[in-house]
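This report describes the protein chain shown below. It proceeds from a single residue to the fold, the helix packing and the side-chain interactions.

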Amino acid sequence: MDPDLTDLGEQIALDPQQFIGIPLALIGAVFLSLGAQFQHRGVVKVESHTTDTLGKGLNVKQLMLLLARPSWVIGTLMLGLAIVFQLTSLYFAPLIVVQPLGAIALVITSIVNSKVNHVQLNRTSITAIVMCVAGVFLFVGVAAFTAVDKPVTERQLAVILIVLAVVLVLAGLAFAFFRRSIRAIFYVLLAGVLYGFVATLAKVIIGRIQQGEFEWLTLLCVIALLAATALGAYFVQNAYASGPPDLVIAGLTVVDPLVAVVIGIVVLGEASQAPPWAMVVFAVTGVVAVWGVFLLARSHPQTRL
């Protein structure tokens with residue numbers, strides 16, 4: 001066989017072991033959806049019995065009360081299981097293959113939330129959900145067949161950590177100065193960006209452990225991952241307090257994989273061999289998906305403006 005064709009096949013084909021990651025990611029998406037529904041219920045209950053903090057961020061008292069809400073605790077455990085299944089899927093399969101499957105959670109959450117809260121989604125909301133899911137799958141679907149999976153160098157890893165540090169500082173400053181005027185979409189987008197870095201760092205850490213390269217830089221990645229996870233989780237809880245669960249999941253399952261893939265393209269050079277038409281598809285589908293999130297935030301019957 002032509003060596004060039006062999007190399008191409010190795011770049012885009014999944015071996016049987018890697019296919020294991022797909023059902024694991026789908027199971028994780030189910031837990032993500034159910035966990036979001038339970039956590040949202042817990043946050044709403046706590047807010048209804050305490051001082052309204054819409055736009056100000058949940059305070060320490062409210063965060064402690066969440067621990068006493070069975071629905072919130074159950075939701076947290078389910079989200080924990082979702083993370084376990086996601087990390088396990090990343091162990092078996094490439095990030096660009098399993099990460100977009102989380103978009104299935106948006107469909108499940110929308111259906112469950114509609115039934116549980118007796119909320120009829122309007123046509124615009126349904127259109128927005130379709131835009132989110134279709135945009136993500138097309139974006140990452142093209143990436144899966146045009147990207148090249150490369151080992152992460154220490155220089156690239158340092159760039160990722162520096163960019164994440166800047167994002168964390170900007171997110172903290174934005175929350176500190178503008179939290180009285182921000183709403184669910186702010187929390188949703190920032191949480192999605194942070195979790196995009198979390199997914200990337202998780203994949204990097206898994207890869208370095210597999211290669212026996214657990215040193216100070218990898219340890220720094222673990223610390224950065226935990227910091228991004230903690231701040232992202234806080235933003236998610238605030239998003240639940242001011243928006244419906246399917247809006248939160250839309251932001252996470254759209255922005256998260258888009259950020260992860262953009263990091264792969266810009267920092268890791270995984271799209272260095274992608275044809276020009278693929279770059280156009282990346283731009284168009286990315287805009288469609290993110291536009292869907294904003295459209296859902298504006299049109300969802302439960303959105304608090």
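Does F137 count as buried, partly exposed or exposed? The model in which this is examined is a predicted one. At a relative accessibility of 32%, F137 counts as partly exposed, because this value lies between the limits of 20% for buried and 50% for exposed residues.

## Surroundings of F137

F137 is placed in helix α7, which covers residues 123-146. When neighbours within four places in sequence are left aside, F137 is in contact with P100, L101, A103 and I104.

A further relation in space links F137 to P257. The two residues are 120 residues apart in sequence, and their C-alpha atoms are 9.7 Å apart.

## Overall architecture

The protein chain has twelve helices and zero strands. Read from the N terminus, its elements therefore run α-α-α-α-α-α-α-α-α-α-α-α, with the helices defined as DSSP runs.

Of the 305 residues in the protein chain, 50% are buried. Among contacts in the protein chain with a separation of 6 or more, 85% are between residues 24 or more positions apart.

## Packing of α4 against α9

Helix α4 (residues 70-92) packs with helix α9 (residues 184-210) at an angle of about 50°, and the axes are 10 Å apart. This angle makes α4 oblique to α9. The crossing in which α4 passes α9 is right-handed. On the α4 side, L87, L90 and Y91 take part, and they meet A199, A202, K203, I206 and Q210 in α9.

One of these residues, A202 of helix α9, may be considered individually. A202 counts as buried, because its relative accessibility of 6% is under the limit of 20%. Leaving aside neighbours within four places in sequence, A202 is in contact with L87, L90 and L225. A202 and Y91 are separated by 111 residues in sequence, and the distance from C-alpha to C-alpha is 9.4 Å.

## Packing of α8 against α10

Helix α8 spans residues 154-178 and helix α10 spans residues 216-242; they pack at an angle of about 30°, with axes 11 Å apart. With this angle, α8 is roughly parallel to α10. The two helices form a left-handed crossing. From α8, the contact involves E154, L157, L161, L164, L168, A171 and F175; from α10, it involves L217, L220, C221, A224, A227, A228, L231, Y234 and F235.

## Aromatic pairs

How many aromatic pairs does the structure hold? There are five aromatic pairs. One of them joins F186 and Y187 in an edge-to-face arrangement, with 5.5 Å from centre to centre and 75° between the planes. Both F186 and Y187 are buried. Another pair is formed by Y234 and F235, whose ring centres are 6.4 Å apart; their planes stand at 45°, so this pair is tilted.

F186, Y187, Y234 and F235 belong to one aromatic cluster. Within this cluster, F235 is buried, with a relative accessible area of 0%. Y234 and F235 are also among the α10 residues that make the contact with α8.

## The salt bridge

The structure holds one salt bridge. Its partners are E215 and R208, and the closest N and O atoms are 3.3 Å apart.

Which of the two descriptions, buried or partly exposed, applies to E215? E215 is partly exposed, because its relative accessible area of 25% is not under the limit of 20% that buried residues require. R208, in turn, is buried, with a relative accessible area of 6%.

## Surroundings of V255

V255 lies in helix α11, which covers residues 245-266. V255 is buried, because its relative accessible area of 8% is under 20%. Not counting residues up to four places away in sequence, V255 touches L189, G192, V193 and A250. The C-alpha atoms of V255 and V188 are separated by 8.8 Å, although the two residues are 67 residues apart along the chain.

Terms used
Residues are numbered from 1 along each chain as its sequence is written. This is a predicted model: local features need pLDDT of at least 70, side-chain atom pairs count only at pLDDT 80 or more; totals for chains, interfaces and linings use all residues. Side-chain values use heavy atoms; hydrogens and water are left out. Helices (H or I, at least four residues) and strands (E, at least two) are DSSP runs, numbered from the N terminus. Buried means under 20% relative accessible area, exposed over 50%, partly exposed in between (1.4 Å probe, protein chains only). Contact means heavy atoms within 4.5 Å. A salt bridge is a side-chain nitrogen of Lys or Arg within 4 Å of a carboxyl oxygen of Asp or Glu. Rings of Phe, Tyr and Trp (its six-membered ring) pair if their centres lie within 6.5 Å; planes under 30 degrees apart count as stacked, over 60 as edge-to-face and the rest as tilted. Axes are lines fitted to C-alpha atoms, for helices over the stretch in contact, and angles run from 0 to 180 degrees between N-to-C directions. Angles under 35 degrees count as roughly parallel, over 145 as roughly antiparallel, 65 to 115 as roughly perpendicular and the rest as oblique. A crossing is left-handed if the near helix is turned anticlockwise from the far one by less than a right angle, and right-handed if clockwise.
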